[in-house]
Amino acid sequence: MRNGDREVGTPELAAPGLWRLALPSRTLPPFTTTNSYLICDQGVTMVADPGSDSRAGFEALVRGLEHVGTRLVKGVLLTHAHDDHWAGLDALRSAFPDTPVYLHPAELGRLGDRPRLVALQGERNLTVGNLVVRTVFTPGHSPGHLSFHLPEQRAVLVGDLVAGSGSSWVGLPDGDVGHYLTSLRTVLELDPKVLGPGHGPLIDLPSQKLEAARAHRLERERQLLTELGRGPGSLTSLGQAIYPDLSPALLPAAERSLLAHLKKLMNEMRVVHLGSDHQGPYRLRQ
């Protein structure tokens, strides 16, 4: 099984002390894998986003830990708590008991009563051997989304802020387009030379990718405003106009994305919601 030009489960060096592992996961199409990352120095390792709950994924993760010379798994870092980013957590902790799991407090509720969950805000520094990992608060895809910045390597693990190919999904109930646009700018200002996305290949032109993600969201907003400029529209009619060739099976997800855009526009007092439910209709504010 391959992920682009890379064997699934084969460690790929992303930067000194940082490796990517593409592992099979129950994620959203078009992806079939989630990237786990190993941050290792002097035999001390932290695992970011163990999202594979398959036996094959767990075995590949263990082989990856051996490949980088792990003697101690110091902790697990979660960019966010969508299932495809932590589904392999219990299997990992069965092999490495008492390993703490670090995630933003807004994401804690998704993991239930699992032990040793550590709330982690942005602007915190963690150490892995002699490496420094800085947490960066990047909400938008989810309320408590974190990115992990390795400043000496100029590398940032960005979870689902952007994808290695295509675009990342931002939709209700978790997504917030306004926060998402701010988070893109936050990572851009770090001036990284490599991004480690949650899905797809490594990104070696970070500024282009981040600017393209911003342009994509603003273009979707422009499309919405253009449609509403023709008159009030329901969520379904807006979705059909903006995604004319989309499979009906994918339209609900597209509508949740449009709702996130509409929420931003309503917060900015540019669009008005009419009616009694999410279908609207919606119209431009006069």
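How many bridges pair β12 and strand β13 (residues 155–159), and in which sense do the two strands run? In this predicted model, β12 and β13 pair over three bridges, in the antiparallel sense. That pairing is a good place to start a tour, and we can work outwards from there.

**The sheet around β12**

One facing pair to look for is F148, which stands opposite L157 in β13. Between the two strands of this hairpin lie four residues, and R154 takes a positive phi near 55 degrees.

On another pairing of β12 you will find strand β11 (residues 131–137), joined to β12 by four bridges, with the two strands running antiparallel. Here F137 has L146 of β12 as its bridge partner.

How much of β12 itself is covered? Strand β12 spans residues 146–150, and five of its five residues are buried. The side chains take turns: L146, F148 and L150 point one way, while S147 and H149 point the other way, and all are buried.

Stepping back, β12 belongs to an open sheet of five strands, in the order β10-β11-β12-β13-β14, with mixed pairing. The edges are held by β10 (125–128) and β14 (194–197); each has a single partner strand, so one side of each is left without a neighbour in the sheet. On average, neighbouring strands of this sheet are turned by 25 degrees against each other, direction ignored. At the β10 edge, β10 and β11 pair over four bridges in the antiparallel sense, and N125 stands opposite R134 in β11. As background, strands of a sheet pair through backbone hydrogen bonds, either parallel or antiparallel.

**Backbone details in the loops**

Next come some spots where the backbone deserves a closer look. Two peptide bonds are listed here with their places.

| Cis peptide bond | Omega | Place of the proline |
|---|---|---|
| P29 to P30 | about 10 degrees | P30: loop between β4 (18–24) and β5 (33–41) |
| G280 to P281 | near 10 degrees | P281: loop between β15 (271–273) and β16 (282–284) |

Positive phi values are also worth finding. Q42 has a phi near 55 degrees, a positive value in a residue other than glycine. Q42 sits in the loop between β5 and β6 (44–48). Is Q42 buried or exposed? Q42 is exposed, with a relative accessible area of 52%.

D98, too, is a residue other than glycine with a positive phi, here near 65 degrees. Look for D98 in the loop between α2 (89–95) and β8 (101–103). D98 counts as exposed because its relative accessibility is 56%, and exposed means over 50%.

**Helix α6**

Our last stop is helix α6 (residues 251–267). What span should its 17 residues have, at 1.5 Å a residue? They should span 24 Å, and the end C-alpha atoms are 24 Å apart, which agrees.

Many positions along α6 can be checked for burial. The buried residues are L251, A254, E255, S257, L258, L259, A260, H261, L262, K264 and L265. What do they pack against? The buried residues of α6 pack against α3 (177–188), α4 (206–229), α5 (235–242), β15 and β16. Two of these partners, β15 and β16, also flank the loop that holds P281.

Just after α6, the backbone offers one more positive phi: M269 takes a value of about 65 degrees.

Methods:
Residues are numbered from 1 along each chain as its sequence is written. This is a predicted model: local features need pLDDT of at least 70, side-chain atom pairs count only at pLDDT 80 or more; totals for chains, interfaces and linings use all residues. Side-chain values use heavy atoms; hydrogens and water are left out. Buried means under 20% relative accessible area, exposed over 50%, partly exposed in between (1.4 Å probe, protein chains only). Two strands pair if DSSP finds at least two bridges between them. Axes are lines fitted to C-alpha atoms, for helices over the stretch in contact, and angles run from 0 to 180 degrees between N-to-C directions. The expected span of a helix is 1.5 Å times one less than its number of residues. Contact means heavy atoms within 4.5 Å.
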